[in-house]
Amino acid sequence: MARIFCIANQKGGVGKTTTTVNLAAGLSRIGQRVLVIDLDPQGNATMGSGVDKRALELSVYDVLLESATVAEARQRAEKSGYDVLGANRELAGAEVELVKLERRDKRLKAALSTVASDYDFVLIDCPPSLSLLTLNGLCSAHGVIVPMQCEYFALEGLSDLVNTIKQVHANLNPDLQIIGLLRVMYDPRITLQQQVSEQLKAHFADKVFNTVIPRNVRLAEAPSYGLPGVVFDPASKGAQSFIEFAEEMVLRIKSL
Ligand code: ADP
Ligand code: MG
């Protein structure tokens, strides 16, 4: 049965989408069956996996409104090596439409139960907000992976997310836990980043993943080719670190 993870952080531009598509590609390389769900109306995880968001006939929007199943709406991202349940701007409207519907926070969870045996991992790329879309992700998941940059305000922003996760755990999804904090865009030459990294480890101990993702230009270039960095340039430092992270995740889920 699939283990389901949200990649979440309410800040934008912290590396959620990069983490989602590269972890997916890394897991695929080591033989795992993966589904990526794009829950962000920007559709970056869709495009970054090689699926054209403008050409989607069915998307996660249709799944949330229950006019399509996951099996109908998913697509194979052939080069990337995994399946994608895509998103585009249409998803921005779902937020408003969901508010007046029943089970508005559990719709993704219900939809995913029908494909759980098709995958080892489902990775949900969340939008940069703690919205109803993110809530659908958190209600579906076993755990949350939090990518973060080791910057001055990083810890401050984390407390809102941690509180939301605690509330969802207490009220909506008792399975939910923080799997770990992933240090991304890391530059070891910057003293402040080293310091914040040490603070994170002091504060969150084994909730900080061992793998560190360096700042690496190949990871930033890859989306314009419609590929995860792991596929675009597997030998690059960024790709290698995501392959290492995929291995760490496979080990980590054995102890969940
Ligand atoms: P989010 O999904 O949280 O908004 P993204 O994954 O889109 O964040 O990353 C924001 C920007 O930073 C993108 O342009 C992406 O290519 C770039 N980026 C992310 N991770 C790295 C990295 N490790 N090294 C270099 N650039 C990165
Ligand atoms: Mg994103």
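This briefing walks through the fold, the central strands, the ligand site and two unusual backbone spots. Keep in mind that the model is predicted. The protein chain has 12 helices and eight strands, and the eight strands form one open sheet with mixed pairing. Ligand 1 sits among 18 surrounding residues, and helix H1 gives the largest share of that shell.

**Overall build**
- For 256 residues, a compact globule should have a radius of gyration near 18 Å; the chain comes in at 17 Å, so the two agree.
- Lined up along the principal axes, the C-alpha atoms fill a box of roughly 50 × 40 × 30 Å.
- Half the chain is tucked away: 50% of the 256 residues are buried.
- Take the contacts with a separation of 6 or more, and 78% of them join residues 24 or more positions apart.

**The record's domain**
- The UniProt annotation, from an unreviewed entry, reads "domain: AAA" and covers residues 3-178.
- That stretch is 40% helix and 17% strand, and its end C-alpha atoms are 13 Å apart.

**The sheet**
- Reading across, the strand order is S3-S4-S2-S5-S1-S6-S7-S8.
- At the edges you'll find S3 (75-77) and S8 (208-214), each of which pairs on one side only.
- From one strand to the next, the twist averages 25 degrees.
- S2 (residues 34-38) runs parallel to S4 (residues 82-85), with three bridges between them; Ile-37 has Leu-85 in S4 as its bridge partner.

**Strand S5 and its neighbours**
- S5 (121-125) pairs with S2 in the parallel sense over five bridges, and Val-36 is matched with Leu-123 in S5.
- S1 and S5 are also parallel, joined by five bridges; here Ile-7 stands opposite Asp-125.
- How many of the five residues in S5 are buried? The count is five of five.
- In a regular strand, side chains alternate between the two faces of the sheet.
- Both faces of S5 are covered: Phe-121, Leu-123 and Asp-125 are buried on one side, and Val-122 and Ile-124 are buried on the other.

**Helix H1 and the ligand site**
- H1 (residues 16-29) lies across several strands, among them S1 (3-7), S6 (143-148) and S7 (177-186).
- Against S5, H1 runs at about 165 degrees.
- Which residues come closest to ligand 1? They are Gly-15, Lys-16, Thr-17, Thr-18 and Ala-220.
- H1, S7 and helix H10 (217-221) each supply at least two residues of the shell, with H1 giving three, the largest share.

**Two positive phi angles**
- Most residues other than glycine have a negative phi.
- Met-185 goes the other way, with phi near 50 degrees. Met-185 is in strand S7, and it counts as buried because 22 C-beta neighbours fall inside 10 Å, where the cut-off is 20 or more.
- Ala-205 is not a glycine either, yet has a positive phi of about 45 degrees. Ala-205 sits in the loop between helix H9 (191-204) and S8.
- Is Ala-205 buried or exposed? With 8 other C-beta atoms within 10 Å, and a limit of 12 or fewer, Ala-205 is exposed.

Notes
Residues are numbered from 1 along each chain as its sequence is written. Chains are lettered from A and ligands numbered from 1 in the order in which they are written. This is a predicted model: local features need pLDDT of at least 70, side-chain atom pairs count only at pLDDT 80 or more; totals for chains, interfaces and linings use all residues. Helices (H or I, at least four residues) and strands (E, at least two) are DSSP runs, numbered from the N terminus. The radius of gyration is taken over C-alpha atoms; the globule rule is 2.2 Å times the number of residues to the power 0.38. Two residues are in contact if their C-beta atoms, placed from the backbone, lie within 7 Å. Two strands pair if DSSP finds at least two bridges between them. Axes are lines fitted to C-alpha atoms, for helices over the stretch in contact, and angles run from 0 to 180 degrees between N-to-C directions. UniProt positions are given in the numbering used here, feature names are shortened, and annotations may be inferred rather than shown by experiment. A residue is near a molecule or strand if its C-beta atom, placed from the backbone, lies within 6 Å of it.
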